[in-house]
Amino acid sequence: MKYKAYIVEENEGCYNGSIKELDSPALDEGKVLIKVLNSSLNYKDALAATGAKGVVRSYPFVPGIDVAGKVLESSSSNFHVGDDVLATGYKIGMSEFGGFGEIVHLPENWVLKLPENLSHHKAMSYGTAGITAAACVKKILDADIDSNLPMVVSGATGGVGSIAVGLLSKLGYEVHAITGKTSETEVLSAMGANKIISRDDYMSEPIKPIDKSLYSSAVDTVGGDMLAKIISMVSNHGVVSCCGNVGGAMFTSSVFPFILRGVQLAGIDSAESSINLKSELWNLLSNEWSLDLDKQTKTINIENIEIEINKILKGDQIGRIVIQHGE
């Protein structure tokens, strides 16, 4: 059986993607063969498509760390032909061909049954960004944070940031959104932001070892100096959920926020988190944490993926991109 995929190939150090027909893999023990109906575009997928070191094991390769579809074949007693399923993270789109193809071949312990009240398309409008945002928010809620001060979210127009804004707003918190795209004020307000802060304005003053307590907790999707400044401004016993590094992999902070205010820095790695945690997060997103993402989600065919890859690499992407396979 043949299937269509966006496959990235290397030629003398240059990486180029194109749509090709590939042979469907034979089913291995402990794996399921899934017909992909929807996938999504994430920053890691864009890196995989451009040959960034350390993302993909080897080329040629099909990116796509998110998958939603139906089981075609199964060697697992947990899944049967026709089951609606989803999978995110682990080594999908890194060492196993991913959701930019119409078929994926995945270990059963990477796969979950799709919650009954969640469509394939809605699942991918969340994707890895959605469960990362949900994991960030859950880390804050689990610490029983006082809501007297607002929450702050950096990188607020991105996939993780926009969903984090929406979730915190839905849960009743005042949300301040930091962004470099101040032209998107209307979009951020619709997401649930009570105040929009220009990234340049926020970072205009030097980072202090400890600053005014302006925020009860934070979701930082940026890293680097942004993370350092946010840590300095979080109030007593607040949590800073850290999940990104587009602003830099390194940051410099003092111990004062941690030993004087008891601030917690919580790293969020949704890709390798347990399947049980992912199941819990998906159930929350499909029920009491459900968001209307229609206005911040764009649906494309796989033939148009390169345009969106270039946009996300330039930092011009807003919200979520869902890939629709087939008609």
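## Asp142 and its salt-bridge partners

Asp142 sits out in the open: its relative accessible area is 56%, so it counts as exposed. Keep in mind that this is a predicted model. The side chain of Asp142 pairs up with that of Lys138 in a salt bridge, with N to O at 2.9 Å. The two residues are 4 apart in helix H2, which means about one helical turn separates them. Lys138 is the buried partner, with a relative accessible area of 17%, a value that falls under the 20% cut-off for buried.

The pairing doesn't stop there. Glu280 joins in as well, and Lys138, Asp142 and Glu280 are linked in a network of salt bridges.

## Salt bridges across the chain

Searching the whole structure turns up 12 salt bridges. One of them joins the side chains of Lys31 and Glu96, 2.9 Å from N to O. This pair ties together distant parts of the chain, 65 residues apart: Lys31 belongs to strand E3 (residues 31-40), while Glu96 is in the loop between strand E5 (84-88) and strand E6 (103-107). Both Lys31 and Glu96 are buried.

Asp66 and Arg320 make another salt bridge, and here the closest N and O atoms are 3.8 Å apart. Asp66 is in strand E4 (residues 66-74) and Arg320 in strand E15 (residues 320-324), so to speak a link between distant parts of the chain, 254 residues apart. Asp66 is buried, and Arg320 is too.

## The largest pocket

How much space lies in the largest pocket? About 1200 Å³. It is lined by 41 residues, and those closest to its centre are Tyr43, Val160, Thr221, Gly244 and Val246. Several elements each chip in at least two lining residues: helix H1 (43-49), H2, helix H3 (159-170), strand E9 (175-179) and helix H9 (305-313).

As for chemistry, the lining of the largest pocket splits into 20 polar, 16 nonpolar and 5 charged residues.

## The second largest pocket

The second largest pocket has a volume of about 290 Å³. Which helix gives the largest share of its lining? That's H4, with 4 residues. H3 and helix H4 (185-191) each supply at least two residues of this lining.

Among the residues lining the second largest pocket are Ser162, Gly166, Glu186, Val187, Asp292 and Lys295. By type, the lining divides into 5 nonpolar, 4 polar and 3 charged residues.

## Buried spots: H6, Leu114 and Ser198

Helix H6 (residues 224-232) is largely enclosed by the rest of the structure, because 8 of its 9 residues are buried. The buried set is Gly224, Met226, Leu227, Ala228, Lys229, Ile230, Ile231 and Ser232.

Leu114 lies in the loop between strand E7 (112-113) and helix H2 (120-142). Buried or exposed? Leu114 is buried, at a relative accessible area of 12%. Leaving out residues up to four places away in sequence, Leu114 touches Asp84, Val85, Leu86, Ser119, His120 and Ala123. Lys91 is 23 residues from Leu114 along the chain, and their C-alpha atoms are 20 Å apart. Ser198, found in strand E10 (residues 195-198), is buried as well, with a relative accessible area of 18%. With residues up to four places away in sequence set aside, Ser198 touches Thr179 and Thr182.

Methods
Residues are numbered from 1 along each chain as its sequence is written. This is a predicted model: local features need pLDDT of at least 70, side-chain atom pairs count only at pLDDT 80 or more; totals for chains, interfaces and linings use all residues. Side-chain values use heavy atoms; hydrogens and water are left out. Buried means under 20% relative accessible area, exposed over 50%, partly exposed in between (1.4 Å probe, protein chains only). Contact means heavy atoms within 4.5 Å. On a 1 Å grid over the protein atoms alone, a cavity is a set of points where a 1.4 Å probe fits but cannot get out, and a pocket is an open set with protein on both sides within 12 Å along at least five of seven lines; lining residues have an atom within 4 Å of a point. Grid points are joined across faces, edges and corners, and a volume is the space filled by probe spheres set on the points. Ala, Val, Leu, Ile, Met, Phe, Trp, Tyr, Cys and Pro count as nonpolar, Asp, Glu, Lys and Arg as charged, and the others, Gly among them, as polar. A salt bridge is a side-chain nitrogen of Lys or Arg within 4 Å of a carboxyl oxygen of Asp or Glu.
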